[in-house]
Amino acid sequence: FYFVTPETVKCLVARAGLRVVRDLGEPDASNTYYNRDYLALLAPVVDAAVAPVVEAPALDEDEIVDAVEAAEASGDCAAVVGLLGSA
């Protein structure tokens, strides 16, 4: 445990190849945790040249469940995430 400032977190986030999608902003004195802690939602920085958008085929719910189970069984985490994102 150690104290950090929002600026320090943003610097570390950028160095990790992530970005702040949303943060809590100003402290909220009405909530102990929001007043004390820095809360941020992070996402990876994606370069369109590296990861182009690929249209996934439309699947019904049963097909998605079957595909996710097959991907989980194979250990392909990226496929599972991609399939769940298409649901």
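This report describes the fold, the main pocket and a nonpolar surface patch of one protein chain.

The structure is a predicted model, and its protein chain is built from 4 helices and 2 strands. Read from the N terminus on, these elements follow the order α-β-α-β-α-α. Of the 87 residues in the protein chain, 9% are buried.

The largest pocket has a volume of about 320 Å³, and two elements, α1 (6–15) and α2, each give two or more residues to its lining. The largest share of that lining comes from α2, which provides 3 residues. In total the largest pocket is lined by 16 residues, and those that lie nearest its centre are Val4, Asn35, Arg36, Asp37 and Tyr38. The make-up of the lining by class is set out below.

| Class in the lining of the largest pocket | Number of residues |
|---|---|
| Nonpolar | 11 residues |
| Polar | 2 residues |
| Charged | 3 residues |

On the surface, Leu24, Tyr33, Tyr34 and Leu39 make a nonpolar patch of about 390 Å². One member of this patch, Leu24, lies in the loop that runs between β1 (18–23) and α2 (32–36). With a relative accessible area of 33%, Leu24 counts as partly exposed, because that class covers the values between the buried limit of under 20% and the exposed limit of over 50%. The same value also fits the place of Leu24 in the patch, because patches are made of residues with over 30% relative accessible area.

Notes: Residues are numbered from 1 along each chain as its sequence is written. This is a predicted model: local features need pLDDT of at least 70, side-chain atom pairs count only at pLDDT 80 or more; totals for chains, interfaces and linings use all residues. Side-chain values use heavy atoms; hydrogens and water are left out. Patches are made of residues with over 30% relative accessible area and no salt bridge: like charges are joined within 9 Å, nonpolar side chains (Val, Leu, Ile, Met, Phe, Trp, Tyr) within 5 Å. Accessible areas come from the Shrake-Rupley method with a 1.4 Å probe; for residues, only the protein chains shown count as cover. A salt bridge is a side-chain nitrogen of Lys or Arg within 4 Å of a carboxyl oxygen of Asp or Glu. Buried means under 20% relative accessible area, exposed over 50%, partly exposed in between (1.4 Å probe, protein chains only). On a 1 Å grid over the protein atoms alone, a cavity is a set of points where a 1.4 Å probe fits but cannot get out, and a pocket is an open set with protein on both sides within 12 Å along at least five of seven lines; lining residues have an atom within 4 Å of a point. Grid points are joined across faces, edges and corners, and a volume is the space filled by probe spheres set on the points. Ala, Val, Leu, Ile, Met, Phe, Trp, Tyr, Cys and Pro count as nonpolar, Asp, Glu, Lys and Arg as charged, and the others, Gly among them, as polar.
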